[in-house]
Amino acid sequence: MTDNAEETTTHTNAPAPEEEPKPSTMAATDEQPSTDDATKVTEKMSTLSFSIWPPTQRTRDAVAKRLVETLSAPSSVLSKRYGTLPPDEAADAARRIEAEAFAAAAASPDDDGIEVLQVYSKEISRRMLDAVKSRSGTAPVPDGNGAQAPDVAPASGEETKADETEA
């Protein structure tokens, strides 16, 4: 009997094996939600509103942060063409660009949030390009409507107004 007692003592000191979680059965995964659950989901979706304009302050801060990265990073397309701005100058320019673009978009006559957001985006792009061009010494050329014309050469086969007057 002492042999059995020793064996029992040895086995009781060992930790109990952990059980693995049982996989769910097919019946459990095939269950459909009750109609009460579906009704609750529908009610939640009908009370959910989504507004794209105006952006939250968190979104505006993220836009400004991304502008700083674009203006000061040597790997950005703008920096490769026009050079980089020092981080402190880029931060000031980014805050100014974002605030001016927000004000311009807010003053937009468009009622649709998507349209106003598009104005905001275009204003940011235009003002960012103007900022890097003015710093590099390449001033943007105004077009006939008082807006800034892009500094892009015409595609091959296209003629500019200057070419037409010379012909």
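**Warm-up: is E115 buried, partly exposed or exposed?**

Solution. Start with the scale: buried means under 20% relative accessible area, exposed means over 50%, and partly exposed lies in between (1.4 Å probe, protein chains only). These areas come from the Shrake-Rupley method with a 1.4 Å probe, and for residues only the protein chains shown count as cover. E115 has a relative accessible area of 34%, so E115 is partly exposed.

A word on the model before going on. This is a predicted model, in which local features need pLDDT of at least 70, side-chain atom pairs count only at pLDDT 80 or more, and totals for chains, interfaces and linings use all residues. Residues are numbered from 1 along each chain as its sequence is written, and side-chain values use heavy atoms, with hydrogens and water left out.

**Exercise 1. Describe the overall make-up of the chain.**

Solution. Step one: list the secondary structure, taking helices (H or I, at least four residues) and strands (E, at least two) as DSSP runs numbered from the N terminus. The chain has eight helices and zero strands. Step two: look at burial. Of the 167 residues, 20% count as buried.

**Exercise 2. Place E115 and find the surface patch that includes it.**

Solution. Step one: E115 belongs to helix α7, which covers residues 113-136. Step two: apply the patch rule. Patch residues have over 30% relative accessible area and no salt bridge; like charges are joined within 9 Å, and nonpolar side chains (Val, Leu, Ile, Met, Phe, Trp, Tyr) within 5 Å. For the charges, Asp and Glu count as negative, Lys and Arg as positive, while His and the chain ends are not counted. Each charge is placed at NZ of Lys, CZ of Arg, CG of Asp or CD of Glu. Step three: D110, D111, D112 and E115 come out as a negative surface patch.

**Exercise 3. Trace the salt bridges in helices α6 and α7.**

Solution. Step one: fix the criterion, a side-chain nitrogen of Lys or Arg within 4 Å of a carboxyl oxygen of Asp or Glu. Searching the whole structure gives nine salt bridges.

Step two: take helix α6 (residues 87-106), where R95 and D92 sit three residues apart, about one turn of the helix. Their closest N and O atoms are 2.7 Å apart, forming a salt bridge. D92 is partly exposed at 46% relative accessible area.

Step three: move to helix α7, where E123 and R126 are also three residues apart, about one turn. Here the salt bridge has its closest N and O atoms 3.0 Å apart. E123 counts as buried at 16% relative accessibility, whereas R126 counts as partly exposed at 32%.

Step four: follow R126 onward to D130, which R126 meets in a salt bridge of 3.3 Å, N to O. R126 and D130 are separated by about one helical turn because they are four residues apart in helix α7. D130, at 18% relative accessibility, counts as buried. Salt bridges that share partners join R96, E100, E123, R126, R127 and D130 into one network.

**Exercise 4. Which backbone oxygen lies 2.8 Å from a polar atom of the S76 side chain?**

Solution. Step one: locate S76 in the loop between α4 (57-72) and α5 (77-82). S76 is buried, with a relative accessible area of 12%. Step two: find the oxygen, which belongs to T70.

**Exercise 5. Relate L67 to I124.**

Solution. Step one: L67 lies in helix α4 and is buried, at 5% relative accessible area. Step two: compare sequence and space. L67 and I124 are 57 residues apart along the chain, and their C-alpha atoms are separated by 8.9 Å.

Definitions and conventions: A polar contact is a pair of N or O atoms within 3.5 Å; within protein, one must be able to donate a hydrogen and the other to accept it, and residues adjacent in sequence count only if both atoms are side-chain atoms.
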